[in-house]
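Hi,

Here is the structure I said I would pass on to you. Have a look at it first, and then read my notes underneath.

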Amino acid sequence: MSETFFSQDRSFRHLAIIMDGNGRWAERRGLTRSEGHKAGVESIRQIVRAACEWRIPWLTLYAFSSENWNRPRKEIELLMALPEAYFKEELDYCIKNHIRIRVVGRQDRLPFHVRKILDNVVCQTRHNEGLQLVFALSYGGRGEIVDAAKRLMLDAEAGVIEREALDEKTFTSYLDDPEMPDVDLLIRTGGESRVSNFLLWQSAYAELYLTALMWPDFEREDLAQALRSFTTRERRFGKTSAQAPTRPLGKDLC
Ligand code: IPE
Ligand code: IPE
Ligand code: MG
């Protein structure tokens, strides 16, 4: 993978991943689901490093959905211990490599110890301009849109925004992270073909890449393969093939 590819190709800004399959990965090996989630953290480590080296501007990882609150309490507790484990190992790497950590989702539902860690890593990295690494935690796309609508209504009631001034760009500014660009490539591991309430607004025109690999088995080379697949796609955005620009940089990929 050419290291400069993504810094040259300004049309690729945002990679998003639904990291699915930790539980099945573990069960197939006679391990506990907890061990599957731990193995999943190791994959996060590898993929974040690759994204950073390959100069991907934004990476959003679906780590815990609003629907995941319906899992057994024990599993939730275990999943809530993972941010601390991850950042204990990786915060130094993130700081050294100018990675900015961001979070989307309903953080008020997260346990205090998780919020404390997230506040700390977000704050420590807030001026970094390298990889923008977003963790979607306690996140649901519909919830995000409803929250945005509530914030918008408050501004409308206060006279800050007029109904006529509302357009898609303005609405985007009310979402959890107003700076988040549209998703270019959405990867889902774990073999399912659904979006599971992930980045519904931002993925309106995302290219999809579905793989049967379970998340703990997803490695750098698999990411490279997904990115190569992206470079072969013709993104027409509703236009005809003749109107759509050809992808100029695909040849740079090895
Ligand atoms: C993804 O793996 C991690 C989270 C949803 C938190 P799963 O835990 O959903 O694993 P499977 O889909 O049961 O294999
Ligand atoms: C999606 O995986 C959520 C995350 C990866 C965090 P799930 O395993 O929760 O999704 P469903 O239940 O298969 O749709
Ligand atoms: Mg799953």
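Below is what I found, starting with the two ligands and moving on to a few single residues. Keep in mind as you read that this is a predicted model.

**Ligand 1**

Let's begin with the pocket. The space that ligand 1 takes up is the largest pocket. Two elements give two or more residues each to the shell around this ligand: α2, which covers 22–28, and α3, which covers 33–53. Of these, α2 supplies the largest share of the shell, with three residues.

If you want to click through the surroundings of ligand 1, look for Met19, Asp20, Gly21, Asn22, Gly23, Arg24, Arg33, His37, Ala63, Asn68, Arg71 and Leu79. Some of them come with distances to oxygen atoms of the ligand. For Asn22, a backbone N or O atom lies 3.2 Å from a ligand 1 oxygen. Gly23 also uses a backbone N or O atom, and here the distance to an oxygen atom of ligand 1 is 2.9 Å. Arg71 brings in its side chain instead, with a polar atom 2.7 Å from an oxygen atom of ligand 1. As for how covered the ligand is, ligand 1 on its own would expose 370 Å², and the protein buries 86% of that.

**Ligand 2**

Where does ligand 2 sit? Ligand 2 is in the largest pocket too, the one whose space ligand 1 takes up. Around ligand 2 you will find Ile18, Met19, Asp20, Tyr62, Ala63, Phe64, Ser65, Asn68, Arg71, Arg188, Arg194 and Ser196. Strand β2 gives the most to this shell, with four residues.

The side chains to look at here are those of Asp20, Arg71 and Ser196. An N or O atom in the Asp20 side chain is 3.1 Å from an oxygen atom of ligand 2. Arg71 turns up again, with a polar side-chain atom 3.3 Å from an oxygen of ligand 2; remember that Arg71 also has a polar side-chain atom 2.7 Å from an oxygen of ligand 1. Ser196 places a polar side-chain atom 2.7 Å from an oxygen atom of ligand 2. Taken alone, ligand 2 exposes 390 Å², of which the protein buries 79%.

**A few single residues**

Ser65, one of the residues around ligand 2, belongs to strand β2, which runs over residues 58–65. Is Ser65 buried or exposed? Its relative accessibility is 6%, so Ser65 counts as buried. Leaving out residues up to four places away in sequence, Ser65 touches Ser138 and Tyr139.

His14 is in strand β1, residues 14–18. With a relative accessibility of 0%, His14 counts as buried. A polar atom of the His14 side chain lies 2.8 Å from the backbone oxygen of Pro181. Again leaving out residues up to four places away in sequence, His14 has contacts with Trp58, Leu59, Thr60, Met180, Pro181, Asp182, Val183, Asp184, Leu185 and Leu199.

Arg28 is a contrast to these. This residue lies in helix α2, the helix that gives three residues to the shell around ligand 1. Arg28 is exposed, because its relative accessible area is 62%, and the cut-off for exposed is over 50%. From Arg28 to Thr172 is 144 residues in sequence, and their C-alpha atoms are 41 Å apart in space.

Best wishes

Technical notes:
Residues are numbered from 1 along each chain as its sequence is written. Chains are lettered from A and ligands numbered from 1 in the order in which they are written. This is a predicted model: local features need pLDDT of at least 70, side-chain atom pairs count only at pLDDT 80 or more; totals for chains, interfaces and linings use all residues. Side-chain values use heavy atoms; hydrogens and water are left out. Buried means under 20% relative accessible area, exposed over 50%, partly exposed in between (1.4 Å probe, protein chains only). Contact means heavy atoms within 4.5 Å. A residue is near a molecule or strand if one of its heavy atoms lies within 4 Å of it. A polar contact is a pair of N or O atoms within 3.5 Å; within protein, one must be able to donate a hydrogen and the other to accept it, and residues adjacent in sequence count only if both atoms are side-chain atoms. Accessible areas come from the Shrake-Rupley method with a 1.4 Å probe; for residues, only the protein chains shown count as cover. On a 1 Å grid over the protein atoms alone, a cavity is a set of points where a 1.4 Å probe fits but cannot get out, and a pocket is an open set with protein on both sides within 12 Å along at least five of seven lines; lining residues have an atom within 4 Å of a point. A molecule sits in a cavity or pocket if more than half of its atoms lie within 2 Å of its grid points.
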